[in-house]
Amino acid sequence: MTNDAKKFSDLNLNKPLLRALDDLGFEYPTPIQEKALPILMSGRDAIGIAQTGTGKTFAYLLPILRQLTYSEQRQPRVLIVVPTRELVVQVVTEIQKLTKYMSVRVGGVYGGTNINTQKTMVHGGLDVVVATPGRVIDLSTVRSLQLNLIQKFVVDEVDEMLNLGFRAQLLQIMDILPVKRQNLMFSATLTEDVEAMIAKYFHKPEYIELITRGTPLAKIIQRSYNVLNFYTRVNLLKYLLGTDYDMSKVLLFVKNKKIADDLYEEMEQDFPGIVGVIHSNKSQPQRFKAVEQFEDGVHRVLIATDVMARGLDVKDITHVVNFDMPKDPSVYIHRIGRTGRADKTGIAISFVIESEQILKRAVEALMNKKIPVLPMPEEVEINEDITQDEKPVTRDKNLAKLKKIVTPTGAFMEKKEKNKKVNLGGARRQEMLRREKERRDKKRDR
Ligand code: AMP
């Protein structure tokens, strides 16, 4: 940090906010915070192009809270819409941290939980509402949430919202809101969809563009391993966790719920009680609990699908592991952006199977940067077992793929002699089945 770097105290903030920031140990604004503050306070519509991890949440919260005056009116004046329930809770928590020395009523509303409790909360009067889109509409349809006095409307992670199919709901909300309002939108990328929405609803917005699109945060160290299949990925992960104690808070991405559950089961055997899993089939309390245990350090690893992990704001994630490579290269950028937050360095490790090399190359092209390949550690067992999902679909493909798997070529996969004999994944599953049978037999005998 250079001497002429601006501090929060140099910005036009008030004492309660400065005290709260001081309590949090934040002295210097991040670049997006410094840029956003004067623009947002001017009352103009604005679009912030920034990834999670850049401090974008405070970038919009600080100016909004700075301008929020004390009021006893019941109808909210600020509406913040985010894509997931987890993000609602996170943003509410961030607001509570910043308003420690202010009198601000904030409430979070989201679907999948009792609407009546939320109605009561809204009825009690709120200044700021943080919400998922569907619940805003539900509560406003029954006239519980009155939006006619909203002055500031924030849409966070708008690209993700559109991906999740919230387009119609967002438009519906914008139609209900009073015409005279400040619109603020944050997005990691500026897609055509997002631009179309801006063109229709925003009035001469100011763009706060922080990063070149597709550029990962410079402070993230990226590495990769070439791996054979699911079980080898599992073995590699176990090896890394067993030998690298710096991997203390690992966010691990998988492409679907099934892999998340399968991996969780595999990990529980060797690392019981330190791995959590979060995906959309988990109940909401389970999801909250998983995030909490990860945050508190009870769990060293959180296995997550992309949708669930978007916007997750867990501090100090030491490593992001791409257990598999995402199809869309920009998703890779989002994933690795979860580590290396604020002023910390992070490490992103990708486990790349042969058929994903093409996806890796797409990511490298987007970043204009190579992801170095590390040699597979000798100790990691190359397991040739394939899962049901890895089984090729058609007969011909079947043969071709099997051949590839059994006789890997070149630098991609060199199987160690000792590994040829052992088949840990299979053996482990046998053991699991045996234990399960034993458990069932015992139960029956009782
Ligand atoms: P965000 O990009 O909003 O998800 O924020 C990423 C993380 O950075 C959060 O954990 C914030 O608490 C933290 N953060 C936000 N602003 C600052 C700051 N000025 N200095 C240090 N950390 C910050």
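pLDDT is the predictor's confidence in each residue, from 0 to 100. Welcome to this structure, which is a predicted model. Its chain averages a pLDDT of 84, and 84% of the residues score at least 70. A good place to start looking is the ligand, which has 18 residues around it.

**Around the ligand**

- Among the 18 surrounding residues, the closest are Tyr28, Gln33, Gly53, Gly55 and Thr57.
- By type, the shell around the ligand is made up of 6 nonpolar, 7 polar and 5 charged residues.
- Helix α3, which covers residues 56-67, gives the most to this shell, with 3 residues.
- Both domain 1 (8-209) and domain 2 (220-390) take part, each giving at least three residues to the shell.

**Polar atoms facing the ligand**

- Gln33 has a polar side-chain atom 2.7 Å from a nitrogen atom of the ligand.
- Tyr28 places a polar backbone atom 2.8 Å from a nitrogen atom of the ligand.
- Lys56 also uses its backbone: a polar atom there is 3.2 Å from an oxygen atom of the ligand.
- The ligand taken alone exposes 500 Å², and the protein buries 92% of that.

**Where to read with care**

- The chain's average pLDDT is 84, but residues 211-215 have a pLDDT below 50.
- That stretch, 211-215, has 9 contacts in the model beyond near neighbours in sequence.
- Residues 395-426 also have a pLDDT below 50, and this stretch has 42 contacts beyond near neighbours in sequence.
- Where pLDDT is low, predicted coordinates should not be read in detail.

Key: Residues numbered from 1 in each chain as written. Predicted model: local features only at pLDDT ≥ 70, side-chain atom pairs only at ≥ 80, totals over all residues. Heavy atoms only, no water. Near = heavy atom within 4 Å. Polar contact = N/O pair within 3.5 Å; in protein donor to acceptor, adjacent residues only side chain to side chain. Areas by Shrake-Rupley, 256 points an atom, 1.4 Å probe, with all protein chains shown as cover. Helix = DSSP H or I, 4+ residues; strand = E, 2+ residues; numbered from the N terminus. Nonpolar A, V, L, I, M, F, W, Y, C, P; charged D, E, K, R; others polar. Domains from an automatic or database assignment. Contact = heavy atoms within 4.5 Å.
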